[in-house]
Amino acid sequence: MQFIDLAAQQERIRGKIVEKIEAVLAHGQYILGPEVREIEERLAAFVGVKHALSCASGTDALLMALMAYGVGPKDAVFTTPFTFVATAEVISLLGATPVFVDIEPDTFTIDADGLEKAIDALDAQDPSRHSLPKGFEGLRARGIIAVDLFGQCADYRRIREIAQRRGLFLVEDAAQSFGATYSGKRSCSLADIAATSFFPAKPLGCYGDGGMVFTDDDGLAHALESIRVHGKGSDKYDNVRIGINGRCDTLQAAILLAKFEIFPEEIELRQAAASRYGELLGDVDGITCPVVRPGCTSVWAQYSPLCANRAKVLDALREAGIPTAIYYPKPLHVQAAYAYLGYRPDDFPVSMSVASRIFSLPMHPYLSRRDQERIADVIRNAAR
Ligand SMILES: *Cc1c(COP(=O)(O)O)cnc(C)c1O
């Protein structure tokens with residue numbers, strides 16, 4: 001059994017993938033070739049935003065978003081410690097400071113009340129209102145990166161309102177949620193700029209690294225386009241700002257075009273697999289199944305229940321030959337890389353508690369009912 005069965009997907013569309021790759025070999029435009037433009041247009045239309053710019057990875061997508069806002073030293077950017085390290089890493093790379101905010105206990109996305117408190121604390125320069133990182137003195141609140149975790153979106157209705165009222169920019173880290181919806185709108189259309197990833201294990205993945213940024217704002221799109229190619233001005237050898245080499249290569253765009261054809265159907269298959277897990281595990285003592293915010297849909301990048309008896313359940317699954325993973329065993333505020341922020345473990349109790357109980361089960365569009373029944377049987381026997 002596979003944790004994510006990319007081979008089953010490839011078997012379905014292998015002919016199409018080979019055809020698309022051969023077209024690139026024939027025209028030879030390996031950088032920013034016609035397939036790059038085509039996938040950008042397709043995904044912009046799918047998401048319902050004006051501009052989509054492909055780039056080299058989800059991490060570069062986030063980095064480019066912050067660079068478009070000119071984020072730098074003395075800037076504070078709010079995000080959660082319960083995410084993949086890339087979310088906070090890009091803040092640090094630009095010399096800015098991540099200010100962590102705890103998560104909601106059921107969706108694992110940023111807690112809007114906590115966010116408001118953290119902004120208040122920073123504005124008032126008063127860490128008794130909400131824990132603040134070392135060196136908070138003189139930091140200026142600039143923006144928020146909301147993370148759409150495990151396939152579902154953060155609570156953008158509330159977060160957008162806070163960002164607007166406080167004059168902060170809002171970036172959607174949609175690396176795990178491409179294809180999800182929030183109140184009828186697609187993920188990647190929910191903030192000022194959204195960043196997604198096409199890492200092979202993400203809901204829409206390529207066969208290497210890739211990413212995309214989305215925005216409705218013409219000015220931001222213009223800046224992002226320049227940042228993607230070394231801060232280019234009128235041409236590549238006119239450099240008007242500091243940028244990066246953040247291009248997506250044409251072969252990856254070609255592979256995405258082939259995979260995107262079956263993506264809407266794959267979203268439905270993922271959702272069907274998630275509901276089956278819900279039916280099979282919903283009444284198991286000691287297991288808390290993941291929930292989706294009312295009025296929203298998840299693309300189920302991960303299916304991650306909570307269990308106080310996690311070690312026992314994981315041992316039983318390993319013995320039965322069922323692959324599992326833990327996202328994330330250690331929140332960012334207790335990682336060595338972020339020791340410099342001086343946070344204490346109990347500054348973010350929900351993140352710590354979830355990290356100690358969460359685990360992820362095999363999840364992909366081709367997961368069979370039989371496999372899911374077997375997984376559920378093992379968990380039922382071990383969780384008690
Ligand atoms: C995967 C991921 C990223 C980074 O994407 P890459 O393409 O691997 O650089 C950023 N944020 C989150 C939440 C992710 O899951």
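**The ligand site and local backbone of a predicted model**

Student: How many residues surround the ligand in this predicted model?

Tutor: A residue is counted when one of its heavy atoms lies within 4 Å of the ligand. The closest are Gly58, Thr59, Gln176, Ser197 and Lys202. The number of residues that surround the ligand is 15.

Student: How do the residues of that shell divide into nonpolar, polar and charged?

Tutor: Glycine is placed with the polar residues in this division. The shell around the ligand holds two charged residues and five nonpolar ones, and its polar residues number eight.

Student: Which helix gives the most to the shell around the ligand?

Tutor: Two helices, α3 (58–68) and α4 (86–93), each supply at least two residues of the shell. The one that gives the most, with three residues, is α3.

Student: What distance separates a polar side-chain atom of Thr59 from an oxygen atom of the ligand, and how much of the ligand does the protein bury?

Tutor: For Gln176, an N or O atom of the side chain is 2.8 Å from a ligand oxygen atom. In the case of Lys202, the distance from a side-chain N or O atom to an oxygen atom of the ligand is 2.7 Å. For Thr59, the distance is 2.5 Å. The ligand taken alone exposes 380 Å², and the share of this that the protein buries is 93%.

Student: Where does the ligand sit?

Tutor: The assignment to a pocket requires more than half of the ligand's atoms to lie within 2 Å of the pocket's grid points. The ligand sits in the largest pocket.

Student: Which strands stand at the edges of the open sheet, and why is one side of each left without a neighbour?

Tutor: The sheet has three strands in the order β7-β6-β11, with antiparallel pairing. Each edge strand has a single partner, so one of its sides has no neighbour in the sheet; these strands are β7 (185–186) and β11 (296–297).

Student: Which residue of β7 is the bridge partner of Tyr182?

Tutor: Strand β6 (residues 181–182) pairs with β7 in the antiparallel sense over two bridges. The partner of Tyr182 in β7 is Lys185.

Student: What is phi of Ser183?

Tutor: Most residues other than glycine have a negative phi. Ser183, in the loop between β6 and β7, has a positive value, near 45°.

Student: Which peptide bond is cis?

Tutor: Most peptide bonds are trans. Tyr328 is found in the loop between α10 (310–319) and α11 (349–357). With omega near 0°, the cis bond is the one from Tyr327 to Tyr328.

Technical notes: Residues numbered from 1 in each chain as written. Predicted model: local features only at pLDDT ≥ 70, side-chain atom pairs only at ≥ 80, totals over all residues. Heavy atoms only, no water. Polar contact = N/O pair within 3.5 Å; in protein donor to acceptor, adjacent residues only side chain to side chain. Areas by Shrake-Rupley, 256 points an atom, 1.4 Å probe, with all protein chains shown as cover. 1 Å grid on protein atoms, 1.4 Å probe; cavity = no way out; pocket = protein on both sides within 12 Å on 5 of 7 lines; lining within 4 Å. Helix = DSSP H or I, 4+ residues; strand = E, 2+ residues; numbered from the N terminus. Pairing = 2+ DSSP bridges.
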